[in-house]
Amino acid sequence: MHRFFRTLTVSVCIASAAATSGSGTLSAQELRTEAFDLLNLDYPGLEQVKELHEAGRDSAAAVSLLEYYRSRTGIGTPTVNLKKVSISKTEQKWADDALEHTFFVHYGYQPSFNYGEDIDWRYWPVKDNELRWQLHRQKWFVPMGKAYRVSGDEKYAEEWVRQYMDWIRKNPNVKIDKNEYEITDNALNADAENARFAWRPLEVSDRLQNQITQFELFKISPAFTPEFLTEFLVNYHRHAEHILANYSDSGNHLLFEAQRMIYAGGFFPEFKDAAEWRKSGIDILNREIKVQVYDDGGQYELDPHYHLASINIFCQALYMADMNGFRNEFPQSYLDTIEKMIMFYANICFPDYSNPCFSDAKLTNKADMLKNYRKWAKLFPDNQTIKYLATEGKEGALPDYLSKGFLTSGFFVFRNSWGPEATQMVVKAGPKGFWHCQPDNGTFELWYNGRNLFPDSGSYVYAGDAEVMEWRNLFRSTKSHNTLTLNDKNLETTDSKTLLWKPEGDVQILVTENQSYSNLKHRRSIFFVDGSYFVIVDEATGTVTGNNNVNLHFQMPAGNVPNSREDMTFYTEFEEGSNMMFRCFGPDIMTMKKEKGWVSTSYMKKKQRMNVSFNVKTTDGLPITYVTVICPKKEAGKFPDIASAKVKVNDGTTLKLQVKVDGKKKTLEYSLQK
Ligand code: MG
């Protein structure tokens, strides 16, 4: 991907001199008298505003209105505590960079781009949709507000007002079809083309929430004039109305939009439409928490990152409700569901608080997760597991179980401990997931004693031009996972059925099946033996014949992973603590292939690694059966002898096999109910 010029040399010609940004003038603001029509002037505290407005003295009414907002009490936002404003080094940098129009837009594109002295809100240096969408989240505005409060330096407030007005002028809301906000590859005129980025409901909702915080931080500044207040209120109102008319159809976008409408209605109850905004948000969250969350607590995008985001969306609505006295608009079932979602997340994550990077997930860090658990512990003070995780084990208690299945979402966790020494495998084999879900049925991550030995490839990038899409498609492809493909192609169907889940005993078992292709069904049976090692039986059945290939993929951790083609074995040589060896048994004609693979734990960051596949030609038809034995081990070099694995009985209902590991024979078997 090319890096384009960071500094713009071409500026857009704007006719009005007063409108030129960066020139030091704040005169672009006008008294917007229509603001008074948007407000309920009978709202307690607005008596004087009403009187002045009705007397035709709107300038004075705006002064009174600003006074009202500067001294208003009893209404707040959980996004900022004005008594305790602080700023991180990173936020300070974003704030200072923004003074020069170098805008922090996305962690994936660093250092940040400069948008020109005369800000070009349409500058799109890399054709990744996220880079252009997220520009309109104005992530540097709140940091500017914090910088202003901490330093008292008016330059931040003045520049914020200038940029706020500049954005309004250069980003008209051109009405386009609702679906056009997501489809970005067909031709529209320039303003409409821009609106699909600037006015996509998700971005609008982001501003809706953050502009409340900006309002709080900047309202005391002389730059926040009565005229500007009217501009702000008119702009804010059309933001909320835009969402009301263009809510996304489903998924996390809809959740974000609804939650932020609750913020809009809750924070600005003086708007005539505020009650409607708040109600629409609350109704949607109360409805969607039942639609988007399965009965086992899994969010239906089957993506740990968006699962976590959804928990926090639902919680944020509660924080706003608590602060402003409308908690009773959420039923107890709403809270119960959030608690289930947290328990789902606590189970699928690893002992160091990291998460599997299934679907479009990024890796979350422990510090952020501790903050989450501490907040959740306040909402659910009786939940001992949440308390335990919030306090790193100082208080509370772990669940009284180890392995745990979430059968509706299709997430299965094998573990022998909750502690850092745990062996923990998380398997993803669920129903068809929504947008962020990848075609990866049957895949897994395996953690052992401090290390993720089979990290998922992650997602790397979302959507954009052909080059961006090529990367996206590679990371999300089935063959970039630990599962079975036909001719390395993506799964045609992603709808796994759980045939058996036995989470207790010396031999724990999961049997899951997916009609991966019209002519090939994949059954994966996983045995967790003696809390120590895993035996995975992969079986391809169906009608495929001829010159086709069944491929069983495993993604190796980054770093040197020696292997033996003769024995079909791989083993890691990390420092003492966490290593593994695995061996794959298959038909005599099975071959091994090593390809370049990738792993990504954050946007636009990737590391190379090895994608291993075991391949069998379908000349003799199906079924084809593989048995893979994976042994985690502390020491490097000293590996168990994975001597043999033989299937004794397999009639589709009963599976019986014998493995020999370290000289010990073990019989593994199950029989499915007919
Ligand atoms: Mg993946």
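Domain bounds here come from an automatic or database domain assignment. I note that first, then start looking around this predicted model.

**Entry 1: the two domains**

I looked up how the protein is divided, and I got domain 1 (1-246) and domain 2 (404-671). How far apart do the C-alpha centres of domain 1 and domain 2 lie? I wrote down 48 Å. The two do touch: the contact takes nine residues from domain 1 and 10 residues from domain 2.

**Entry 2: the cores**

Next I went for the greasy parts. In soluble globular proteins, nonpolar side chains tend to be buried together. I found 136 residues in the largest nonpolar core. Leu-65, Trp-160, Phe-268, Ile-338 and Tyr-373 have the most contacts inside it. Helix H13 (residues 304-324) gives the largest share of this core, 11 residues. Why does the core lie between domain 1 and domain 2? Because both domain 1 (1-246) and domain 2 (404-671) give residues to it.

I also spotted another core, apart from that one, with 43 residues. Leu-510, Met-556, Met-568 and Phe-574 are among them.

Back to Ile-338, to see what it touches. Leaving aside neighbours within four places in sequence, I listed Ile-289, Ile-311, Phe-314, Cys-315, Leu-318 and Phe-380 as its contacts.

**Entry 3: helix H8 and a glutamine in H9**

Is helix H8 (residues 190-198) largely enclosed or largely open? I counted seven of its nine residues as buried, so H8 is largely enclosed by the rest of the structure. The buried ones in H8 are Ala-192, Glu-193, Asn-194, Ala-195, Arg-196, Phe-197 and Ala-198. I then checked what covers them, and the cover includes helix H5 (129-135), helix H7 (154-170) and H9.

Since H9 came up, I picked a residue from it. Gln-209 sits in helix H9 (residues 201-218). Is Gln-209 buried or exposed? Its relative accessible area is 11%, and the cut-off for buried is under 20%, so I put Gln-209 down as buried. Not counting neighbours within four places in sequence, Gln-209 is in contact with Thr-79, Gln-259, Arg-260, Tyr-263 and Gln-316.

**Entry 4: the second largest pocket**

On to empty space. Rolling a probe the size of a water molecule over the atoms shows where empty space is left. I looked up the second largest pocket, and its volume is about 430 Å³. I found 23 residues lining this pocket, and Leu-363, Asn-452, Pro-455, Val-599 and Thr-601 lie nearest its centre. Strand S6 (443-448), strand S7 (451-452), strand S17 (591-602) and strand S18 (605-617) are the elements that give two or more residues to the lining. Which element gives the most to the lining? That is S17, with four residues. I sorted the lining by class too: nine nonpolar, seven polar and seven charged residues.

**Entry 5: two odd phi angles**

S6 and S7 led me to the loop between them, where I found Asn-449. Asn-449 has a positive phi of about 45 degrees although it is not a glycine. I have Asn-449 down as partly exposed, with a relative accessible area of 21%.

Further along, Tyr-460 lies in the loop between S7 and helix H17 (466-476). Phi of Tyr-460 is also positive, near 70 degrees, and this residue is not glycine either. I noted 6% relative accessibility for Tyr-460, so it counts as buried.

**Entry 6: cis peptide bonds**

I looked for cis peptide bonds and wrote down this one: Gln-110 to Pro-111, with omega about 0 degrees. Where is Pro-111? I found it in the loop between strand S1 (102-103) and strand S2 (113-114).

Leu-622 to Pro-623 is cis as well, with omega near 5 degrees. Pro-623 has its place in the loop between S18 and strand S19 (624-633).

**Entry 7: a loop residue that touches Leu-622**

Leu-622 turned up again when I checked Asn-519. Asn-519 is in the loop between strand S10 (507-517) and strand S11 (520-529). Not counting residues up to four places away in sequence, Asn-519 touches Leu-486, Thr-541, Gly-542, Thr-543, Val-544 and Leu-622. Asn-519 and Thr-541 are 22 residues apart along the chain, and I got 8.2 Å between their C-alpha atoms. With 26% relative accessibility, Asn-519 counts as partly exposed.

How values were computed: Residues are numbered from 1 along each chain as its sequence is written. This is a predicted model: local features need pLDDT of at least 70, side-chain atom pairs count only at pLDDT 80 or more; totals for chains, interfaces and linings use all residues. Side-chain values use heavy atoms; hydrogens and water are left out. On a 1 Å grid over the protein atoms alone, a cavity is a set of points where a 1.4 Å probe fits but cannot get out, and a pocket is an open set with protein on both sides within 12 Å along at least five of seven lines; lining residues have an atom within 4 Å of a point. Grid points are joined across faces, edges and corners, and a volume is the space filled by probe spheres set on the points. Ala, Val, Leu, Ile, Met, Phe, Trp, Tyr, Cys and Pro count as nonpolar, Asp, Glu, Lys and Arg as charged, and the others, Gly among them, as polar. A nonpolar core is a set of buried Ala, Val, Leu, Ile, Met, Phe, Trp, Tyr and Cys residues joined through side-chain atoms within 4.5 Å. Buried means under 20% relative accessible area, exposed over 50%, partly exposed in between (1.4 Å probe, protein chains only). Contact means heavy atoms within 4.5 Å.
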